[in-house]
Amino acid sequence: MSLVVRQFPCLSDNYGFLIRDEATGKTACIDTPDAAAILKELDVMGWKLSLILNTHWHPDHAGGNAEVKAATGATIVAPPEVAKISAIDRVVADGDVVMLGETKLEVMDTGGHTLGHITYFDAEGQIAFVGDTLFALGCGRLFEGTPEQMWTSLSRLAALPDETAVYCAHEYTASNARFALSIDDSPALTARAGEVFAARERGEPTVPTTIAREKATNPFLRAGDAATFAAVRAAKDVFRG
């Protein structure tokens, strides 16, 4: 049996994700960007929530924890840093495993955007929920971590199987593509950027992406080393395009 992912837009540019283990019907949400949207989607699908799985502490990822837990009784699973804004029922760190029914989710340390950011990886289904560490054609801003820490995290994600579906938390791909084109004119990137712009014109999501696609076209994964990554990230921070 496999993991079903229900993706829906919320807030200005976030995505919400409900994930359901088909074998047991157990359901979790990845982060809580918008409690009302999550509860509405659960109602639409007729699913009962068992777990809240936080990737990091930012309010657009954990701010709805209390409201969703109050409405559903779900268990909050999170890295320690989430305690800044929410109670946590189970603290997890790199190497831990979270079971959603029969689906095994591996916890990976992917700090950099924040110090304690984590990713949830379903190795059997080849699905990764990366929060704000890796984006389609981009990566998260370094609010707390160092370039070296973020490069290590991105390298860990790049080492996942090429076919891995990457569910990132924001629809930033068009702006990321404009920056990428400003520093790289490779045919692969040019072609992908065109597809991204066309998809957004049609109102279609560009998430999920794949590890293979990101390794081929994402300027942050293509940096090669931490120093080059730091320079690319610094350029993105001031890019206005």
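1. E204 counts as partly exposed, with a relative accessibility of 34%, in what is a predicted model throughout. The side chain of E204 meets that of R202 in a salt bridge, with 3.0 Å from N to O, and R202 for its part counts as exposed, because its relative accessibility of 53% lies over the 50% cut-off. Elsewhere, R141, R233 and D237 are joined into one network by salt bridges that share partners.

2. The structure as a whole holds eleven salt bridges. One of them brings together the side chains of K84 and E144, at 3.6 Å from N to O. K84 belongs to the loop between β5 (75-78) and β6 (90-91), whereas E144 belongs to the loop between β12 (138-139) and α4 (147-158), so this pair ties together parts that are 60 residues apart in sequence. As to their surroundings, K84 is exposed, with 53% of relative accessible area, while E144 is partly exposed, with 26%.

3. A further salt bridge that deserves attention is formed by the side chains of K215 and D162, at 2.7 Å from N to O. This pair, too, links distant parts of the chain, since K215 sits in helix α7 (residues 211-217) and D162 in the loop between α4 and β13, 53 residues apart. K215 counts as partly exposed at 34% relative accessibility, and D162 counts as partly exposed at 34% as well.

4. The strands deserve a description of their own. An open sheet of mixed pairing is formed by six strands, in the order β7-β8-β9-β10-β13-β14. Its edges are β7 (97-100) and β14, each of which pairs on one side only. At the β7 edge, four bridges join this strand to β8 (residues 103-109) in the antiparallel sense, and within that pairing V97 stands opposite E106 of β8.

5. Towards the other edge, strand β13 (residues 165-168) has a neighbour on either side in the sheet order. With strand β10 (residues 127-131) it runs parallel, the two being joined by four bridges, and the bridge partner of A128 in β13 is V166. With strand β14 (residues 209-210), by contrast, β13 pairs in the antiparallel sense over two bridges, and here A165 stands opposite T210. Both faces of β13 are covered, for A165 and Y167 on one side are buried, as are V166 and C168 on the other.

6. How is the charge of D122 accommodated, given that D122 is buried yet has no salt bridge? The residue is placed in strand β9 (residues 118-122), and the nearest side chain of opposite charge, that of K104, is 9.4 Å away, where a salt bridge would call for a nitrogen-oxygen pair within 4 Å. What the side chain of D122 does reach is backbone: the nitrogen of E124 at 3.3 Å, and also the backbone nitrogen of G125, which lies 3.0 Å from a polar atom of that side chain. Leaving aside residues up to four places away in sequence, D122 touches L3, T103, K104, L105 and I127.

7. Finally, the cysteines. How many disulfides are there under a sulfur-to-sulfur limit of 2.5 Å? The count comes to zero. C10 is in no disulfide, the nearest cysteine sulfur being that of C29, 10 Å away, and C10 counts as buried at 6% relative accessibility. The sulfur of C139 is likewise too far for a bond, because the closest cysteine sulfur, in C168, is 11 Å from it; C139 counts as buried, with a relative accessibility of 5%. The C168 named here is the residue already met in β13, on the side that it shares with V166, where it is buried.

Definitions and conventions: Residues numbered from 1 in each chain as written. Predicted model: local features only at pLDDT ≥ 70, side-chain atom pairs only at ≥ 80, totals over all residues. Heavy atoms only, no water. Disulfide = S-S within 2.5 Å. Buried < 20%, exposed > 50% of the residue type's maximum accessible area, 1.4 Å probe, protein only. Pairing = 2+ DSSP bridges. Lys, Arg positive; Asp, Glu negative; His and termini not counted. Polar contact = N/O pair within 3.5 Å; in protein donor to acceptor, adjacent residues only side chain to side chain. Contact = heavy atoms within 4.5 Å.
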